[in-house]
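Hi,

Here is the structure I said I'd pass on to you. Have a look at it first, and then read my notes below.

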Amino acid sequence: MTTVCPHCGWPDDQLFQVLSRHRTGTGLTVWSRCACGSTQVREIGVTGTRVLSRGRPVQTPPCHA
Ligand SMILES: [Zn+2]
């Protein structure tokens, strides 16, 4: 089953950008960033990939004052 990002529709099984990977007792925890800029925490284990949490898209600041 493929889930997609609710913000931009990017497929969750296609990593846009990997921020960091952490090996855990159950598998691998991957922090990734979507095409829309939202960060995701996913757990990759023997049963597959599971998105644990998902952030909001990054709002680009209008300017740096
Ligand atoms: Zn997205």
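The main thing to find is an open sheet of 4 strands, in the order 1-2-3-4, with antiparallel pairing. A strand here is a DSSP run of E with at least two residues, numbered from the N terminus, and two strands count as paired if DSSP finds at least two bridges between them. Strand 1 (17–23) and strand 4 (48–54) are the edge strands, each pairing on one side only. From one strand to the next, the twist averages 25° (axes are lines fitted to C-alpha atoms, and angles run from 0 to 180 degrees between N-to-C directions).

Before you go further: this is a predicted model, in which local features need pLDDT of at least 70, side-chain atom pairs count only at pLDDT 80 or more, and totals for chains, interfaces and linings use all residues. Residues are numbered from 1 along each chain as its sequence is written.

Now for the middle of the sheet. Strand 2 (residues 28–33) runs antiparallel to strand 3 (residues 39–45), and 6 bridges link the pair. If you want a spot to zoom in on, V30 has R42 in strand 3 as its bridge partner.

On the other side, strand 3 pairs with strand 4, again antiparallel and over 6 bridges. These two make a hairpin, with 2 residues between them. I44 is the residue to click on there: T49 in strand 4 stands opposite.

As for confidence, pLDDT (the predictor's confidence in each residue, from 0 to 100) averages 87 over the chain, and 94% of the residues score at least 70. Among the chain's elements, strand 1 has the highest mean pLDDT (95) and strand 4 the lowest (88).

Cheers
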